[in-house]
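Student: I am new to this one and would like to walk through it with you. Could you show me the sequence and the structure before we start?

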Protein chains: 2
Amino acid sequence: MMVSTKGRYALTVMVDLARNCGDGYVSLSDIAERENLSMKYLESIISILNKGGMLNSLRGKNGGYRLAREPRDYNINEILLLTEGTLAPVNCIMQDGVQCDKAATCSTLPLWAGLDKAIENYLSAITLEDIIEGNRKKLLGDYCESCGPADSGN
Amino acid sequence: MMVSTKGRYALTVMVDLARNCGDGYVSLSDIAERENLSMKYLESIISILNKGGMLNSLRGKNGGYRLAREPRDYNINEILLLTEGTLAPVNCIMQDGVQCDKAATCSTLPLWAGLDKAIENYLSAITLEDIIEGNRKKLLGDYCESCGPADSGN
DNA sequence: GACAAATCCTACTCTTTTGGTAGGAATATG
DNA sequence: CATATTCCTACCAAAAGAGTAGGATTTGTC
């Protein structure tokens, strides 16, 4: 599994906030209840998002969190990168440019590099807005069977 | 990390066999030495490949393994799928069609499904032959900076 | 000023996965 | 029959994953 619950729940939280933006600050307990997830666990996850500048927070009564930008201005790659640390499919792809000592002669490395790029490419093209709007064409691309002209709306 | 050493080493073994095909059976100790990997560990990995019908094997002296098909007839997706069990980026994407009970209303599921497809799509299009030939255009696609006309050969 | 509701922070823990190792049985060749 | 090989089962230590626990701090309201 490339993405753990940490990244998955982080995205869930971001989507939840995107849906409820404009209503001031949203408390974590509300999110946890709506999404049916452990509030204590979400706490540690939302803290990463907050420190990473994805959110604004307010302590105390009526406090909570809200998105720092518009939903369309977040791409999924940055959200997952922040929470997961890396999305590299194998650990011989380093995010900071450091390389395995066999890299120069490794014949499988280009495959992993290509896979890494394919993943990044996909995730970078999707925004939070695409998700809340259920933009199936963009999310599922050519693979989406129900994206034809007969489909309703999106 | 989506792909563990198991899948990575499996691919390394397959590439090694592809490079040395035609020379009869190749012993595991030869592969382990060439690739500088633990023979004992490779044993457990090559056993998966063998049982999955990817290889032919011969016991006893002068025995070993060889590819069951031509390098061009293996795609990377099937090799990794066999050794890793699944390549799904999150565990809410089930390979056997079983779904999470929230699937119908989950707004993030299409993203994970799309990512899963993007990965499968990439890996299915690459063959063992592409790797041994170092087909950078196919492996790295549009992201390959050295694939331009100025590049040598491929 | 007390209280309640919220974020913030540190530490702990249980389970599963990963990445192997060890030892020997079965089999084919010379 | 000796040797080189695959095959098979079991074991193990370290790391990662998935949370829990408990409390300190801050802020709005009565």
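Student: Is A:Tyr74 buried or exposed?
Tutor: Good place to begin, and do keep in mind that this is a predicted model. A residue counts as buried under 20% relative accessible area. A:Tyr74 has a relative accessible area of 1%, so A:Tyr74 is buried.

Student: Where in chain A is the place of A:Tyr74?
Tutor: Look for two elements, strand S2 (64–67) and helix H4 (76–84). A:Tyr74 belongs to neither, as its place is in the loop between strand S2 and helix H4.

Student: How far apart in space are A:Tyr74 and A:Leu128, C-alpha to C-alpha?
Tutor: In sequence, 54 residues separate the two. Even so, A:Leu128 is among the residues in contact with A:Tyr74, along with others including A:Met14, A:Met54 and A:Ile126. From C-alpha to C-alpha, the distance in space is 5.8 Å.

Student: What pattern does chain A follow along the sequence?
Tutor: Chain A has seven helices and two strands. Reading along the sequence gives their order, α-α-α-β-β-α-α-α-α.

Student: What relation do chain A and chain B have?
Tutor: A turn of 180° with a shift of 0.0 Å along the axis lays chain A on chain B, with an RMSD of 0.1 Å. That is therefore the relation of a two-fold axis.

Student: Which residue of chain A has the C-alpha nearest the axis?
Tutor: Follow the axis and look for a C-alpha 2.0 Å from it. That C-alpha, the nearest in chain A, is the one of A:Met2.

How values were computed
Residues numbered from 1 in each chain as written. Chains lettered and ligands numbered in written order. Predicted model: local features only at pLDDT ≥ 70, side-chain atom pairs only at ≥ 80, totals over all residues. Heavy atoms only, no water. Least-squares fit on C-alpha atoms with pLDDT ≥ 70 in both. Helix = DSSP H or I, 4+ residues; strand = E, 2+ residues; numbered from the N terminus. Buried < 20%, exposed > 50% of the residue type's maximum accessible area, 1.4 Å probe, protein only. Contact = heavy atoms within 4.5 Å. Lists of a residue's contacts leave out its neighbours within four places in sequence.
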